[in-house]
Amino acid sequence: MSDVTRAARRPRADAARNRAAILDAARTAFTAAGEDASLEAIARSAGVGIGTLYRNFPTREELVAAVYASELDAVLATVPDLLARHTPDAALRAFLDTYAGFIATKRGMAESVRAGAIRSAAESADTRRRVNEAVGLILAAGAEQGVFREGMAADDVTAAMIGVFLTTANSADPGQTGRLLDLLVRGLAAGE
């Protein structure tokens, strides 16, 4: 492959900046205005024309899916740094807090954007498998260091985490989610 061909396949820096600006503007707009968010206003806020928005995201659903995927990527990307800076139990607890923030944002977005668009975005982002992989990395580090019990299934932890988020979604007690996540992490401890 020639250098010209390779260069042609790489996205231009301005195209990458435009895409990132559109995603940032869409995230803000969908969270604030939901389904009523104007694509023209999103493009304007991003500093691009509507044609640029449609070239990147031909449908509103594709834009919603891209916002979701971008935020999920950011949450999952925290795991290596958390493991480098914390013990596995503290890393897991910090990851759970980060993921809780992601869920809270998506919950607000799902209430205002068609629920089907969010569901479709979660499926296309392969959310459950990817979250299981992230949790699995933390569990493996914890088992290796003797912090967590051996053989804990990542999907069990993910399911428990989702259960906590679902059951506390409308709780009048703002500390309940944190207490339940603390219990979840303590329940994984070696020797428990």
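In this predicted model, helix 2 and helix 5 touch through a mixed set of side chains. On the helix 2 side are Arg19, Ile22, Leu23, Ala26, Arg27 and Phe30, and they meet Arg60, Leu63, Val64, Ala66, Val67, Ser70 and Glu71 of helix 5. Sorted by class, the residues of this contact are eight nonpolar, one polar and four charged.

How do the axes of helix 2 (residues 13–33) and helix 5 (residues 60–76) cross? They come within 10 Å, at roughly 95 degrees. An angle from 65 to 115 degrees counts as roughly perpendicular, so that label fits helix 2 and helix 5.

Helix 5 has another partner in helix 9. Here Tyr68, Leu72, Asp73 and Leu76 from helix 5 meet Thr127, Arg130, Val131 and Ala134 from helix 9. The class split is five nonpolar, one polar and two charged residues. With a crossing angle of roughly 10 degrees, helix 5 and helix 9 are therefore roughly parallel to each other.

Here are the two packings side by side:

| Helix pair | Axes come within | Crossing angle |
|---|---|---|
| Helix 2 and helix 5 | 10 Å | roughly 95 degrees |
| Helix 5 and helix 9 | 11 Å | roughly 10 degrees |

Now for the nonpolar cores. The largest one has 30 residues, and Phe95 and Tyr99 have the most contacts inside it. Which elements give two or more residues to this core? They are helix 5, helix 6 (78–85), helix 7, helix 9 (127–144), helix 10 and helix 11 (176–187). Helix 7 is the top contributor, with seven residues. A second, separate core holds 18 residues, among them Ala29, Phe30, Ile42 and Leu63. Phe30 and Leu63 also turn up in the contact between helix 2 and helix 5.

Back to Phe95: setting aside neighbours within four places in sequence, Phe95 is in contact with Val75, Leu76, Thr78, Val79, Leu82, Ala134, Val135 and Ile138.

Then there are the rings. Searching the whole structure turns up four aromatic pairs. One of them is the stacked pair of Tyr99 and Phe165, at 6.1 Å centre to centre with 25 degrees between the planes. Tyr99 sits in helix 7 (residues 88–112) and Phe165 in helix 10 (residues 154–167), so this pair ties together parts that are 66 residues apart in sequence. Are these two residues buried or exposed? Both Tyr99 and Phe165 are buried. Ring pairs also join Tyr68, Phe95, Tyr99, Phe102 and Phe165 into a cluster. Tyr68 is one of the helix 5 residues that meet helix 9, while Phe95 and Tyr99 are the residues with the most contacts in the largest core.

Conventions. Residues numbered from 1 in each chain as written. Predicted model: local features only at pLDDT ≥ 70, side-chain atom pairs only at ≥ 80, totals over all residues. Heavy atoms only, no water. Phe/Tyr/Trp six-rings, centres within 6.5 Å; stacked < 30°, edge-to-face > 60°. Helix = DSSP H or I, 4+ residues; strand = E, 2+ residues; numbered from the N terminus. Buried < 20%, exposed > 50% of the residue type's maximum accessible area, 1.4 Å probe, protein only. Axes fitted to C-alpha atoms, helices over the stretch in contact; angles between N-to-C directions. Parallel < 35°, antiparallel > 145°, perpendicular 65-115°, else oblique. Contact = heavy atoms within 4.5 Å. Nonpolar A, V, L, I, M, F, W, Y, C, P; charged D, E, K, R; others polar. Core = buried A, V, L, I, M, F, W, Y, C linked by side-chain atoms within 4.5 Å.
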